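Welcome, and take your time with this one. Please look over the chain below, then read on for a short guided walk through it.

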Amino acid sequence: NTKWKKPYGFVARYSKTGSLRWIKAFASTSDSIMLEDIAVLSDGTMAVVGYTKASEYAANDKSKGTYDAIILRLTSTGYLKSSKSFGGKNSDMFTCVTATENGFAVGGTTYSTTGDFEGLPGTSAIIMNFDADTNVVWKKYLHGNAASTIGGIAHDDDGNIFATCLT
């Protein structure tokens, strides 16, 4: 579609033999959408994370023209089930996601100290744990001497969450 702003995100499903099953585009006429990671949850739905300034997905009342972190929840066939954004005065991005026993956890970075990231010390790596309905269970931050971001996230069978952080 020539009206879409670039870049825009795609989610694709391949069979175990490499055959393309489906591909879905997530785009906007207002601004770009960057999708960074995906996790298949225990119920077969997907959690896709990234960031955007697009009015169709962003928390525009919070972003003021900067990026908001987004979570897209997709059905097993790739259709948008729901979207949720998290933002503050500055840019905020989710870069990784892992399925957990009762939902999923995400990692990324926030430059905000307002909105959904009220009270954080500024540029911080952020980890958020969500239930199956995309409600926040908890959020934590890591803050070093410079810009910090969570680059990878995983969990074990005991429910522990592990994250790699660049600072």
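The report below goes from the whole chain to its sheets, and then to a few single residues.

## The chain as a whole

Please keep in mind that this is a predicted model. The chain has one helix and twelve strands. Read from the N terminus, its elements follow the order β-β-β-β-α-β-β-β-β-β-β-β-β, and this puts the helix between the fourth and fifth strands.

How much of the chain is buried? Of its 167 residues, 43% count as buried. The exposed area comes to about 8600 Å², with carbon and sulfur atoms supplying 49% of it. If you take the contacts between residues at least 6 apart in sequence, 44% of them join residues at least 24 apart.

## The opening hairpin

Start with strand β1 (residues 9-14) and strand β2 (residues 20-26), which run antiparallel and are joined by six bridges. One of the facing pairs is valine 11 with its bridge partner in β2, lysine 24. The two strands form a hairpin with five residues between them, and glycine 18 in this hairpin takes a positive phi near 95°.

Lysine 24 is worth a second look. Its charged end sits over the ring of tyrosine 79, at 3.8 Å from the ring centre. A similar arrangement can be found elsewhere in the chain: lysine 53 lies over the face of tyrosine 67, 5.0 Å from the centre of the ring.

## The sheet from β3 to β6

Next comes an open sheet of four strands in the order β3-β4-β5-β6, with antiparallel pairing. Its edges are β3 (33-40) and β6; each has a single partner strand, so one side of each is left without a neighbour in the sheet. On average, neighbouring strands here are turned by 20° against each other, direction ignored.

Within this sheet, β5 and β6 run antiparallel and are joined by six bridges. Here you can find alanine 69 standing opposite phenylalanine 86 in β6.

## A glycine in the loop

Between β5 (68-74) and β6 (80-86) there is a loop, and glycine 78 has its place in it. Is this glycine buried or exposed? Glycine 78 is buried, because its relative accessible area is 2%, under the 20% that marks a buried residue.

Which residues does glycine 78 touch, leaving aside its neighbours within four places in sequence? They are Trp22, Lys24, Phe26 and Met46. Lys24 is thus a contact of glycine 78 as well as the residue whose charged end sits over tyrosine 79. The C-alpha atom of glycine 78 is also separated by 8.5 Å from that of threonine 45, although the two residues are 33 residues apart along the chain.

## The sheet from β7 to β10

A further open sheet of four strands has the order β7-β8-β9-β10, again with antiparallel pairing. At its edges stand β7 (92-100) and β10 (136-142), each with a single partner strand, so one side of each has no neighbour in the sheet. From one strand to the next, the twist averages 20°. Edge strand β7 is largely enclosed by the rest of the structure, because eight of its nine residues are buried.

β7 and β8 form a hairpin with two residues between them, and they pair in the antiparallel sense over eight bridges. Strand β8 (residues 103-110) also pairs with strand β9 (residues 124-131), in the antiparallel sense and over eight bridges. Follow glycine 107 to see both pairings: cysteine 96 stands opposite this glycine on one hand, and isoleucine 127 in β9 on the other.

## Aromatic rings

How many aromatic pairs are there? The count comes to four. One of them joins phenylalanine 104 and phenylalanine 130, which are stacked at 5.1 Å centre to centre with 15° between the planes. Phenylalanine 104 lies in strand β8 and phenylalanine 130 in strand β9, so this pair ties together parts that are 26 residues apart in sequence.

Both phenylalanine 104 and phenylalanine 130 are buried. They belong to one aromatic cluster made up of Phe86, Phe94, Phe104 and Phe130. You have already met Phe86, the residue in β6 that stands opposite alanine 69.

How values were computed
Residues numbered from 1 in each chain as written. Predicted model: local features only at pLDDT ≥ 70, side-chain atom pairs only at ≥ 80, totals over all residues. Heavy atoms only, no water. Pairing = 2+ DSSP bridges. Axes fitted to C-alpha atoms, helices over the stretch in contact; angles between N-to-C directions. Buried < 20%, exposed > 50% of the residue type's maximum accessible area, 1.4 Å probe, protein only. Contact = heavy atoms within 4.5 Å. Areas by Shrake-Rupley, 256 points an atom, 1.4 Å probe, with all protein chains shown as cover. Phe/Tyr/Trp six-rings, centres within 6.5 Å; stacked < 30°, edge-to-face > 60°. Lys NZ or Arg CZ within 6 Å of the ring centre and 35° of its normal.
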